[in-house]
Amino acid sequence: MSERIAANYGDRGLYCIEHAFVPAIQLVIDFDGPLDGATLLSSTERLLEAEPVLASRFVPKFIGPYWKPLESTELREKGLLHLDRCRSGDDLDWVSQPFLAEPMDPDAGPQVRFQLIKGDERDRLILKLSHRVGDTAATKQVGYALAEIYGELLRDVDFRPEPNQNDRGMWQTFKGMPPHELPRVFAQGLATDLDNIRAGKTLTVKVGKEQRGRPVFVMRHIEPDMVGGFVRFGHERGATLNDLFLTGFLRALIRFENWDGKTAVRLAGTVDLR
């Protein structure tokens with residue numbers, strides 16, 4: 001493995017603005033049946049072999065920042081997979097809270113951590129990815145990779161994935177687009193960046209910024225048939241799920257914050273409805 005992995009433009013940009021948000025993205029998956037803990041542990045270790053940057057710490061140099069792969073002894077000491085038991089009568093969401101609220105330190109590494117909660121009726125796997133190394137789509141991609149490795153190890157305990165040496169830059173997104181669309185995409189991205197830094201009067205929502213301590217995650221389970229109803233409702237009106245989400249958010253501002261509908265509102269958050 002290389003002694004260092006070059007930091008790309010996105011890594012550097014996220015490092016500069018991480019003070020403004022919680023730099024971690026989490027994926028919570030509930031399983032109807034039990035997972036094999038030993039195989040899952042091996043899967044997390046092989047995942048780091050497949051994606052070396054996940055097994056690294058970020059070195060924030062002013063010129064030429066890079067990712068430094070951790071030694072195997074360091075990874076074992078830090079612990080990739082945390083195991084917990086949801087005892088009879090315990091609420092699975094409540095047992096998940098400490099791990100969900102635990103912060104990540106990209107400068108210390110690794111860039112991914114897992115928690116397996118064994119319940120009486122189902123198991124829960126939580127994947128926590130450092131935002132500095134990827135976005136919401138990357139978090140799902142890591143989940144898919146882990147599932148594939150887990151399945152391979154059930155069939156062959158000696159399975160080892162090939163390390164990913166591909167470029168992690170934005171070009172991996174752009175290369176699938178028609179060439180004639182690229183100028184429009186770049187122009188739209190520049191306009192969005194300029195809009196984000198534009199000074200102006202904005203509405204400040206009272207969210208209790210004076211409070212300190214770890215955040216509490218509120219989970220809402222929406223059944224598939226209800227999501228289907230949302231999709232049909234939006235389709236009949238030419239709206240996407242994201243349109244409906246933003247509409248609900250703005251209605252809440254009108255109801256609880258007396259928003260006048262004119263003052264600029266900037267919504268920052270992770271919304272992935274694909």
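**Strands, sheet and core: asking for the grounds**

Student: What makes S6 and S7 count as paired strands, and in which sense do they pair?

Tutor: S6 and S7 pair in the antiparallel sense over seven bridges, and since a pair needs at least two bridges found by DSSP between the strands, the seven bridges here satisfy the definition. One of the contributions comes from Ile 117, whose bridge partner in S7 is Arg 124. Strands (E, at least two residues) and helices (H or I, at least four) are DSSP runs, numbered from the N terminus. The model is a predicted one, in which local features need pLDDT of at least 70 and side-chain atom pairs count only at pLDDT 80 or more, while totals for chains, interfaces and linings use all residues. Residues are numbered from 1 along each chain as its sequence is written, and side-chain values use heavy atoms, with hydrogens and water left out.

Student: Why are S2 and S5 called edge strands?

Tutor: The open sheet has four strands in the order S2-S7-S6-S5, with mixed pairing. Strand S2 (24–31) and strand S5 (81–85) each have a single partner strand, so one side of each lacks a neighbour in the sheet, and they stand at its edges. Neighbouring strands are turned by 15° against each other on average, with direction ignored.

Student: How do you know that Ser 130 is buried, and what does Ser 130 touch?

Tutor: Ser 130, which is placed in strand S7, has a relative accessible area of 1%; buried means under 20% (exposed is over 50%, partly exposed in between, with a 1.4 Å probe and protein chains only), so Ser 130 is buried. Not counting residues up to four places away in sequence, Ser 130 is in contact (heavy atoms within 4.5 Å) with Pro 23, Met 104, Pro 106 and Gln 111.

Student: What makes a set of residues a nonpolar core, and which elements supply the largest one here?

Tutor: Such a core consists of buried Ala, Val, Leu, Ile, Met, Phe, Trp, Tyr and Cys residues joined through side-chain atoms within 4.5 Å. The largest one has 27 residues, and those with the most contacts inside it include Leu 54, Val 112 and Phe 114. Two or more residues each come from helix H2 (37–50), strand S6 (112–118), strand S7 (123–130) and helix H5 (136–155), with H5 giving the largest share, six residues.

Student: Why does the length of H9 agree with that of a helix?

Tutor: The expected span is 1.5 Å times one less than the number of residues, so the 17 residues of H9 (241–257) should span 24 Å, and the end C-alpha atoms are indeed 24 Å apart.

How values were computed. Axes fitted to C-alpha atoms, helices over the stretch in contact; angles between N-to-C directions.
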